[in-house]
Amino acid sequence: MPEPSSTASTAPWAEPVGVRIAGLPADALDRSRIPLSTGLALRIVALDQESHADAEQISAELYALVATEQARPFKARLVGLRRAVHRGLPVAALLDRAAPPEVVGAALTARIRRHAALRQVRADEFELLERTLLSEVRSAASALAQLAEDPRFGLGLGYASPDLYDDVRRWTERERVEPGRRPLDRAAVRLAKYAARAVAKPSPLTTFAASGLARWSAHQDAAARLTGALPADLVEAGLLPLSRIAATLAHLPELDRAARLRVNPFATLVPSAEGDRWLFTAPGPSGEVRSLPATAALAAILKAAREVGTRSGLRALLGAPADLDDPAAAGRADAVIAQLLRLGLLETQLGLPDQALDADTLSGWLAAHAPDGDPGDRLALVLDDLRVIRDQVDAARRAAPAAHRGIAAGLRSGTTDAARRLGLLGAAESLDLSTPYFHNTVVPGDAATLDPDSWRPVLAELALVPCLLAPFDTLAPRRDALLRQAVSGYGEGFRRPFTLFLRDFGAWWARADAATPVARDAQRQAELRALLAATPEDADGTVRLAPDAVRELCGHWIDRYAADDRYTCYVQPLPATAAGLGVVLNTVTCGHGTGRSRTARMIDAAVGAPTSPALHAERPDRPDRPDRAHYAEFDASFGSSLNQRAAVTRYAIDLDGCCSARPSSDLIRPADLDVVHDPDERRLRLEWRGTGRTVRPLHLGLLATPLLPLPAGLLVEAFGQSSYSFWSDWPQLWRTAADVPGAPRRVARIALGSVVLRRACWFVDGGDAPARAPGEPDSRYLVRVHAWREAHGLPLRCYLRTLTPRPADGYAGPALHDKDRKPVYLDFGHPHLLRIFEQAAASGRPLLLSEPLPELQDAPARPDGQRHTAEFLIELAAAKPTAANPTAASPTTAANPTAQLPPTRERPAAC
């Protein structure tokens, strides 16, 4: 990957756009639908609605007739006729016996006969549905089985679920031998669910979706076009076990001349009442801060460690060279070094950068640095294990779908053997390797092109979204509480080393669960909701906020210190109208290359050369100023390949346990950072000691921020840009749903100009969805589901979420491990996908159904005309503040930051 340029412009048109492309074409499921049966079911629903309305009117007329004097002798029969009409029973024979024609009347008699004919039409249609449905489901199953033969889709299926792949192969073979024997087999339903994902959801996973980079290209005939470039495969071994193996190798005495030794970058000398002490973090993710007295001997050891950089070199400087005939002296030196390593003040590494670590580089390093020895010794055997891992990863790129199970077993075996040889596992223990490797699909070169003229108005409106989102920052309440806690402990205007701050407030931050918005943000949320409430729905049911109104209300809501923050918007284009291009906004994350830098790294790895364009997180086209913050990313991988990516910012924060390839001048040690209270802006900021520059830490990897080690989490959450701001079906505004007991609650689509912020959606309370009754035939259930859907205005296709019970207002952020935010594509006209809805309805849990915006048929096209669902990652800055309040108010809730802290609140367990 080329180094980030220092002169290129960061205007949107100069930056590549990320793109995620669904692996199957948009029409891949069409042949396995049941359009005839669906049409019949809808006609029956319409007939039922007409018949019901007709029966209500006939019943009313019969009720009035029964009360007349002339009908009194025939009352019992007329009541029986009325009940039959009301219950939808046959009425022709009852009509003939109920009363003389002159009593019933010609008009009512004709109406009842028409009603009887209507019921007969319904019965005939239902009989036809029963015959058609069975045949059509069998044909749908046959088409679905053919879809499983797609080479790329089959490869992804074999990787994602080897068990399902085997089940699908058995089912398809049975379908070949005995067509229609089990068309709705469980394996077929799961196959359809995976296929729907590969059609409708461009979220990266094996061959189900491909990641690439797009470029801006003027004068196109479409706002977005896919190029049809061929995909490439990238396989990565699970990084966590490799990281643990690398860390253990660095501590082996056989490698003490090759492994690097350094002082913990958190190590900070601080004064105390008992004398100066060194503060530093303990090894591992806990964030525990330890301390040692700052003695002259310790200072000499640290100085020597910085000078020599290896354990063997430090041993020599401590007076215990290897050839000295003084075992006791050597033992004392080794004991001192070992103790400092165990405590964490010193740390040893292989020197392999986290961003380059994989099975190939690790085995190569060990081959180059392991001392010559017997082929059966420990290091030789570990090297053999690493080569097994490397070779299995290489084989996975070209493997057939059925081979993935064996490859996964080989990787587990090689990794477990290496871990046992190094003492990481006991003889009877095994590693938790549920996913021993990751299969990715990328598109080298230009994966798509976008027309700047079509997108220009959309981008201007997208730039308003961060302003609108500002009062919903889920970290703001915790940051405000931390401010008041720190000022209470340290006093106004304090300055403290970050390591000391971590010691005093790290554990508190990990426990803090403040969720109530600060007063300023609560007021702004209320103002935004008032704007929404005052905005009527369009003809298409959209609450469309006017950009000028949003700019006037929200344009100054970005705090001044965050003015240079950048945002990545995940969008899908809508069909262009006379008003221009529209988009659906799925997610907003921290910008500065997030997502795109991971894609660039994967493309370069798959191609085997640095071919991707450089990404730029900062604004090198503007002159640097001392009041501008330095944005600094983490080079640590945190044991996950999701964090391996191309470098974007000039600076990186040097964390303990991390190895970076950057020059030392571009690494910021936490020991060189101060936490400063700014009384004027009433906030905490991170300052690079000696330069006076504010530092904004960034987590640009794709691992969820709550999974970061505590020191990294505190850095980015308390002092950096929020890494996750927004996702589709915006939960912060769910409370606008109208509550109608027993019916799905529709929440209107919300748009900001041409940008859809939230799809229209329907909440279904637990137990209110139509569950199949015991023994209920497929045809009756199909009609009942469509009747329920039509009655409440739900679309034929939608996205389904089966929800976890939540607090009344929704969690402030997505729950870490639930799958609520991961929708399943649902088509009520597809028999296998309908089974997925049936399972969700039977679960008794609340459901969320969202409109399918954009529709599959409106997906971007390739040159051959084939359409694929695509999502584009566009990075931009927030809109500039308006004149209403260009400086933006402080987020604190009170003039006195030492005010009483709010108690920690537990989340409610139910909706």
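**A buried aspartate, a covered strand and helix packing**

D256 counts as buried, because its relative accessibility is 10%, below the 20% cut-off. The model is predicted. D256 sits in the loop that links α9 (239-250) to β5 (260-263). Its side chain makes a polar contact with the side chain of R315, at 3.0 Å. Beyond neighbours within four places in sequence, D256 is in contact with T310, R311, S312 and R315. R315 is thus named both as a polar partner and among the contacts of D256.

Burial extends to a whole strand elsewhere. In β18 (residues 673-678), six of six residues are buried, and the strand is mostly covered. L673, V675 and H677 point one way from β18. D674, V676 and D678 point the other way. Both sets are buried, and D674 and D678 belong to the second.

β18 has a partner in β11 (residues 495-497). The two run antiparallel and are joined by three bridges. Here R496 stands opposite V675. β18 also pairs with β19 (residues 683-688), again in the antiparallel sense, over six bridges. In that pairing V675 stands opposite L686. V675 therefore faces R496 in one pairing and L686 in the other, while being buried itself. β18 and β19 form a hairpin with four residues between them. In the turn, R682 has a positive phi of about 50°.

A three-stranded open sheet has the order β6-β7-β8, with antiparallel pairing. β6 (268-270) and β8 (289-293) each have a single partner strand, so one side of each lacks a neighbour in the sheet. On average, neighbouring strands are turned by 30° against each other, direction ignored. Three bridges join β6 to β7 (residues 277-281) in the antiparallel sense. V270 has R277 of β7 as its bridge partner. Helix α19 (residues 498-511) lies across β6, β7 and β8. It runs at about 70° to β7.

Helix packing was examined for α6 (residues 151-160) and α7 (residues 162-177). Their axes are 5 Å apart and meet at an angle of about 125°. The two helices are therefore oblique to each other. From α6, the contact is made by G154, L157, G158, Y159 and A160. From α7, it is made by P162, L164, Y165 and V168. Seven of the contact residues are nonpolar and two are polar. No charged residue takes part.

Definitions and conventions:
Residues are numbered from 1 along each chain as its sequence is written. This is a predicted model: local features need pLDDT of at least 70, side-chain atom pairs count only at pLDDT 80 or more; totals for chains, interfaces and linings use all residues. Side-chain values use heavy atoms; hydrogens and water are left out. Buried means under 20% relative accessible area, exposed over 50%, partly exposed in between (1.4 Å probe, protein chains only). A polar contact is a pair of N or O atoms within 3.5 Å; within protein, one must be able to donate a hydrogen and the other to accept it, and residues adjacent in sequence count only if both atoms are side-chain atoms. Contact means heavy atoms within 4.5 Å. Two strands pair if DSSP finds at least two bridges between them. Axes are lines fitted to C-alpha atoms, for helices over the stretch in contact, and angles run from 0 to 180 degrees between N-to-C directions. Angles under 35 degrees count as roughly parallel, over 145 as roughly antiparallel, 65 to 115 as roughly perpendicular and the rest as oblique. Ala, Val, Leu, Ile, Met, Phe, Trp, Tyr, Cys and Pro count as nonpolar, Asp, Glu, Lys and Arg as charged, and the others, Gly among them, as polar.
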